[in-house]
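Colleague: I would like us to take a careful look at one part of this model, the pockets, and to go through what surrounds them step by step.

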Amino acid sequence: MNPTLASVRETGAFALRTPKDHGGSWETATVIAQTLAELGRSDPAAAWVAGTCLTGKTLAARSFGPAGAERVFADPDSLFCGSGSPTGRGEPGPDGIRLTGRWANISGCLDADWAVLGALVGGTFSLVAVPLTDLTIDRTWDMAGMRDTESHSVVAADVLVPADLVAPLRLPGDPADMTLFGLSVLAPVVGATFGALDLIDAMFASDRKPYLTSYASMGESPGARHWLAQATHLAGRAERTMLAVAEGAPGTGMELADAARDCRSAVDLMLDLHGASGFAMANPLQRFWRDVAVGSRHPHLNPYLAVERFTVPSGS
């Protein structure tokens with residue numbers, strides 16, 4: 001396991017949704033959102049992988065029986081990866097199924113212990129748990145942002161999967177779980193936004209001044225102070241929205257999508273403040289920008305589909 005993810009493992013972040021009777025913490029949505037956001041403040045990609053892990057563990061805990069759960073949760077700190085897309089097929093047999101397929105965008109697959117994958121098994125949309133040692137990794141991940149998630153493709157070629165690691169997947173599932181899955185991708189983005197804000201706050205505390213002005217520091221510029229206030233407000237609003245959703249506030253996917261857009265707007269203001277040098281590859285600000293730009297466009301945060309699904313509350 002790479003050193004960054006090994007450090008995250010030591011914090012207990014990979015056990016956030018390991019069931020308590022298997023040695024995990026099975027945390028609430030609020031604790032999960034706060035934990036992933038704090039991780040994302042320093043390393044958005046590591047927080048993203050932790051979020052993917054808790055999604056896979058939640059699905060596994062809801063789907064597999066005692067024998068399967070005992071197997072996959074033997075190590076409460078194991079790293080899960082996976083995909084709910086049914087891009088594999090399982091042929092039933094006397095010992096389980098024979099799984100063949102290919103799944104794209106599997107965050108953390110280079111270091112994961114288990115992959116939890118969607119597959120059609122005898123025509124039924126199912127969830128299948130497979131050790132990563134039984135899969136092949138095709139290094140297809142080549143994105144501008146969230147590069148360190150190493151979200152490559154995994155391939156199964158006639159892999160025998162025991163029957164206790166195969167279960168029908170019922171969607172959409174528990175609404176609380178669906179909200180949790182949305183929070184698992186929003187929280188790293190919110191954390192990354194605050195990571196960028198930390199850099200800008202440090203710039204304001206330094207002796208840097210706006211280029212081609214008579215100001216002695218960034219803080220002397222009313223325009224710069226206004227831009228910083230706006231960025232801080234947007235970051236804070238995204239965090240408040242995230243926590244309100246985590247705590248069960250009534251709403252729809254529009255809240256998650258709005259928070260993601262607040263994060264993008266906040267980082268854009270910060271880049272205005274920093275100027276073109278913020279895009280230098282050696283500057284950590286550009287990494288936060290890239291990670292926020294990509295992570296905030298995950299399907300769980302899709303703004304136009306959130307509008308389509310929006311229902312006006314009764315009595316409004």
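Which elements each supply at least two residues of the lining of the second largest pocket?

Modeller: Please keep in mind that this is a predicted model, and that everything I describe was computed from it. The elements that each supply at least two residues to the lining of the second largest pocket are α5, α6 (222–246), α7 (253–274) and α9 (303–309). Among these, α5 gives the most, with five residues. The space in this second largest pocket comes to about 630 Å³, and of the 25 residues that line it, M178, T252, G253, L256 and H300 are the closest to its centre. If we sort that lining by class, we find 14 nonpolar, nine polar and two charged residues.

It helps to set the largest pocket beside it, where about 950 Å³ of space lies. Here the lining is made up of 35 residues, and G82, S83, G84, H298 and H300 lie nearest the centre. Two or more residues of this lining come from each of α3 (44–63), β1 (80–83), β3 (96–106), α5 (175–205) and α8 (284–295), and the largest share, six residues, belongs to α3. By class, the lining of the largest pocket holds 17 nonpolar, 17 polar and one charged residues.

When you turn to the structure, H300 is a good residue to find, as it is listed among those nearest the centre of the largest pocket and also among those closest to the centre of the second largest pocket. The helix α5 likewise appears in both descriptions, since it gives residues to the lining of the largest pocket and to that of the second largest pocket.

Key
Residues numbered from 1 in each chain as written. Predicted model: local features only at pLDDT ≥ 70, side-chain atom pairs only at ≥ 80, totals over all residues. Heavy atoms only, no water. 1 Å grid on protein atoms, 1.4 Å probe; cavity = no way out; pocket = protein on both sides within 12 Å on 5 of 7 lines; lining within 4 Å. Points joined across faces, edges and corners; volume = space filled by probe spheres on them. Helix = DSSP H or I, 4+ residues; strand = E, 2+ residues; numbered from the N terminus. Nonpolar A, V, L, I, M, F, W, Y, C, P; charged D, E, K, R; others polar.
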